Amino acid sequence: MNKNDPVIIVGAGLSGLRAASLLVMRGIPCRVLEARDRIGGRVLSQEVKGRPDLGSFDLGPTWFWPQYEPAIRDLVNELGLETFEQYNQGFFVSERSQHALPQRHLLPEGAVESSLRIVGGVQMLTDAVAQTLPKGIVELNTKVSSIHMRADGSLAIKAEGRKEEILASSIILALPPRIIARNLIFVPELSTELKKSLMNKPTWMAAQAKVVAIYERPFWREQGFSGFATSWVGPLQEIHDASPVTGAGALFGFFGIPAKKRIELGEQSLLKSVQEQLTRLFGPLAENNIALLYKDW
């Protein structure tokens, strides 16, 4: 192992970027290798094409609970990001059967845990962490294929499309465990026990798909609805208000359909069903969305 070689971080999601920022603060040289053409990993905030005035909408994580997630809370505060409380005021809607009208309920005070959202979307967090890094540390479009430990203990990484090896003093894998087990070659091989352990560690919400319906304003609030709904009918099983702090309105939902079934149905069929469901739950104004943003993770 050559201590003059940098620490190599594989993955430029929030964890990888934060690891790099902590190393930089301590004067430890590092590089971040990212397979995608963007940073953020499963954090993705997207605008409506041609309508940046509407704001950014989260297709990955949307909120955090400061009382339960102190690391995120402290990082948000450290970076000086603005937050606002998730909207939960008004009626909750429950759809339990195809043969019965959706029911509205007024939840008791405190029934829904208070959570915070980041002004501008969660991508503001990953972008802010990335801005603490010196230029050139993050290398996009660099897909690591294998990791080698040589007989002398030195570490080398091979990346697709690159002839030269990347040398490392140590390596941090900021990737979902199953991705590590399935996609990376290790020389020497990982033990059977360790590979099994990696395969048995699921990534939170790994198989989810999410859709965001965007409107000129959050009309449901005017009618006394919180935007929170659950459904046994689908295609969305859980829906929430995803409106920015001011201006446009938005509703987002998680699909209750398995990933293979979503692929079979296709995006257009899914979005048509989403439109019909939102109209059932929130009335005819739900038909007038500006856009439907869809992401199947």
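**Reading salt bridges, a sheet and a buried tryptophan**

Modeller: Start at Glu-95, which counts as buried because its relative accessibility is only 3%. The cut-off for buried is under 20%. Keep in mind that this is a predicted model.

Biologist: Which side chain meets Glu-95 in a salt bridge?

Modeller: General idea first. Side chains of opposite charge can pair when their charged atoms come close. Here the partner of Glu-95 is Arg-280, at 2.6 Å from N to O. Arg-280 sits in helix α8 and Glu-95 in strand β6, so the pair ties together parts 185 residues apart in sequence. Arg-280 is partly exposed, because its relative accessibility is 37%.

Biologist: How many salt bridges does the structure hold?

Modeller: There are 14. One of them joins the side chains of Arg-73 and Asp-74, at 3.1 Å from N to O. Both ends are partly exposed: Arg-73 at 31% relative accessibility and Asp-74 at 40%. Another joins Glu-222 to Arg-217, at 2.6 Å from N to O. Glu-222 is exposed, with a relative accessible area of 53%. Arg-217 is partly exposed, with 40%. Bridges can also share partners: Arg-31, Glu-139 and Arg-162 form one network that way.

Biologist: Now the sheet. What is the order of its 7 strands?

Modeller: The general idea: strands of a sheet pair through backbone hydrogen bonds, either parallel or antiparallel. In this case the sheet is open, its pairing is mixed, and the order is β7-β6-β16-β17-β18-β15-β19. At the edges stand β7 (103-105) and β19 (291-296), each paired on one side only. Neighbouring strands are turned by 20 degrees against each other on average, direction ignored.

Biologist: How do I read one pair, say β15 and β18? How many bridges join them?

Modeller: Count the bridges, then check direction. Strand β15 (residues 209-215) and strand β18 (residues 249-255) are joined by 6 bridges and run antiparallel. For a single register point, take Val-211: its bridge partner in β18 is Gly-253.

Biologist: Which strands does helix α8 lie across?

Modeller: Helix α8 (residues 267-282) crosses β6 (91-95), β15, β16 (225-231), β17 (236-241), β18 and β19. Its angle to β17 is about 60 degrees. Recall that Arg-280 of α8 pairs with Glu-95 of β6.

Biologist: Next, Trp-220. Is it buried or exposed?

Modeller: Read the relative accessibility. Trp-220 is at 0%, so it counts as buried. It lies in helix α6 (residues 219-222).

Biologist: What does the side chain of Trp-220 make with the side chain of Asp-241?

Modeller: A polar contact, at 2.8 Å. Now widen the view to contacts beyond four places in sequence. Trp-220 touches residues including Tyr-215, Phe-225, Asp-241, Leu-251 and Phe-282. Sequence separation does not tell you the distance, though: Glu-193 is 27 residues from Trp-220 along the chain, and their C-alpha atoms are separated by 52 Å.

Biologist: Last, the whole protein. How many helices and strands are there?

Modeller: There are 8 helices and 19 strands. The C-alpha trace spans about 70 × 40 × 40 Å along its principal axes. Of the 297 residues, 43% count as buried. Among contacts with a separation of 6 or more, 67% come from residues 24 or more positions apart. The accessible surface is about 16100 Å², with 54% belonging to carbon and sulfur atoms.

Note on methods. Residues are numbered from 1 along each chain as its sequence is written. This is a predicted model: local features need pLDDT of at least 70, side-chain atom pairs count only at pLDDT 80 or more; totals for chains, interfaces and linings use all residues. Side-chain values use heavy atoms; hydrogens and water are left out. Two strands pair if DSSP finds at least two bridges between them. Helices (H or I, at least four residues) and strands (E, at least two) are DSSP runs, numbered from the N terminus. Axes are lines fitted to C-alpha atoms, for helices over the stretch in contact, and angles run from 0 to 180 degrees between N-to-C directions. Contact means heavy atoms within 4.5 Å. Buried means under 20% relative accessible area, exposed over 50%, partly exposed in between (1.4 Å probe, protein chains only). A polar contact is a pair of N or O atoms within 3.5 Å; within protein, one must be able to donate a hydrogen and the other to accept it, and residues adjacent in sequence count only if both atoms are side-chain atoms. A salt bridge is a side-chain nitrogen of Lys or Arg within 4 Å of a carboxyl oxygen of Asp or Glu. Accessible areas come from the Shrake-Rupley method with a 1.4 Å probe; for residues, only the protein chains shown count as cover.
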